[in-house]
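Good morning, everyone, and thank you for making the time. I would like to walk you through one structure, going from the overall fold to the cores, then to a pocket, and finally to a single residue.

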Amino acid sequence: MASNNLPVDPLKFVLQITVFSLLLVPGILWAVLKKFIPVKPKSVKGQVVLITGAARGIGRELATRFGKLGAKVACVDIDESGNHETAQIIKDCGGVAKSYKCDVSKKDDIKILHSKVKQDLGPVDIVINNAGIVWGHLYIDPSKDQFITDQINVNLMAHIWMNREILPSMLERNCGHIVAMSSMSSMAGVANISTYTVSKWGINGMMECLHNELKQFNCNVKTTNILPYFIKTNEKVSAFLDIRFPEIPTHIAGEEMMKGILEERRIFSVPGHMLNMVHILRLLPDNLQALFNNIFYVKVRGEPQDELVLNKYKR
């Protein structure tokens, strides 16, 4: 007996497919046209912006930029000294900032943090989940069990705990903005950064689900997912990179990120062309993808102990 492969409500299905087909080309043309239409950035003056991983690198870059725009910045990091320094830089420039030491991988610590921020600065308007452990390892390295747990907890679970803690207050006020720091590594499986890549792929899925769930509330809470290329923030990490194109300077990456956040883009890469380029690349046959990757190569060197494991099994 032949299986019934007809869709539910076939007449409605055909009608919807027809409408979709008619709107496809105009929709693509309109999306391309919008790329050239300037978008007025939103004002963040007086708003409370919570930024994790604010002690250095892109976290500090974003924190100081928000401070200059008149936002009240809650600088969050486990590095108390560096985090305090970031807050002080903002204050020295005439801004409002306060530093908070917090292990963002622990949801109880996040609850305490949120309570303190509300008391000191007010309800959080924008949360930027930027904190992360940027490091790699050989997939089968037996010494990395705890590192894997820590990296997933900081890079992925911290986003979940932070968003779940702060989102209800945004829904109550019918305003707010949740920003995630993903990575272009979430779009390609580069050797020696498997756990890091897992965490960033997870962020992409989580943010897309959250975006779609928020539609059910018919609310004004926005989401933004940022996928940056390698940013020059850590010389130790840079020493392990072998890449065709150099890392992006922090100030340039920060400028592009701020533009995307203030325009409330749902998802974008830094540089902006990379995300679309990878989507197109994925349509190619495997052999052409491999050829492209050999030209625009990204390689992450292993640590000495990784080489020992590699040589043990290498043919």
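What follows is a short tour of this model, which is a predicted one.

Let me begin with the fold as a whole, where the secondary structure comes to 11 helices and 11 strands. The C-alpha trace spans about 70 × 55 × 40 Å along its principal axes. For 315 residues, a compact globule would have a radius of gyration near 20 Å, and the protein, at 22 Å, agrees with that expectation. Of those 315 residues, 43% are buried, and if we take the contacts between residues at least 6 apart in sequence, 68% of them join residues that are at least 24 apart.

Turning to the interior, the largest nonpolar core has 41 residues, and those with the most contacts inside it include Ile-51, Phe-66, Ile-128, Ile-226 and Met-257. Helix α8, which covers residues 250-262, gives the most to this core, with 5 residues. There is also a second, separate core of 29 residues, with Val-76, Met-162, Met-170 and Leu-214 among them.

Which residues does Ile-226 touch, once we set aside those up to four places away in sequence? There is a run from Val-179 through Ala-180, Met-181 and Ser-182 to Ser-183, and beyond that Ile-226 also touches Met-257, Ile-261, Phe-268 and Val-270.

Phe-268 takes us on to the second largest pocket, since Phe-268 is listed with Ala-31, Lys-35, Arg-265 and Ile-267 as lying nearest the pocket's centre, out of 21 lining residues. About 960 Å³ of space lies in this pocket. The elements that give two or more residues to its lining are α1 (10-34), α8, β10 (267-270) and α9 (274-281), and of these α1 gives the most, with 4 residues. By class, the lining of the second largest pocket has 9 nonpolar, 8 charged and 4 polar residues.

I will finish with one residue, Ser-238, which lies in helix α7, residues 235-238. Is Ser-238 buried or exposed? Its relative accessible area is 16%, and because the cut-off for buried is under 20%, Ser-238 counts as buried. Leaving out residues up to four places away in sequence, Ser-238 touches Lys-232 and Glu-247.

That is the end of the tour, and I am happy to go back to any part of it.

Conventions
Residues numbered from 1 in each chain as written. Predicted model: local features only at pLDDT ≥ 70, side-chain atom pairs only at ≥ 80, totals over all residues. Heavy atoms only, no water. Core = buried A, V, L, I, M, F, W, Y, C linked by side-chain atoms within 4.5 Å. Buried < 20%, exposed > 50% of the residue type's maximum accessible area, 1.4 Å probe, protein only. Contact = heavy atoms within 4.5 Å. 1 Å grid on protein atoms, 1.4 Å probe; cavity = no way out; pocket = protein on both sides within 12 Å on 5 of 7 lines; lining within 4 Å. Points joined across faces, edges and corners; volume = space filled by probe spheres on them. Nonpolar A, V, L, I, M, F, W, Y, C, P; charged D, E, K, R; others polar. Rg over C-alpha atoms; globule rule 2.2 N^0.38 Å.
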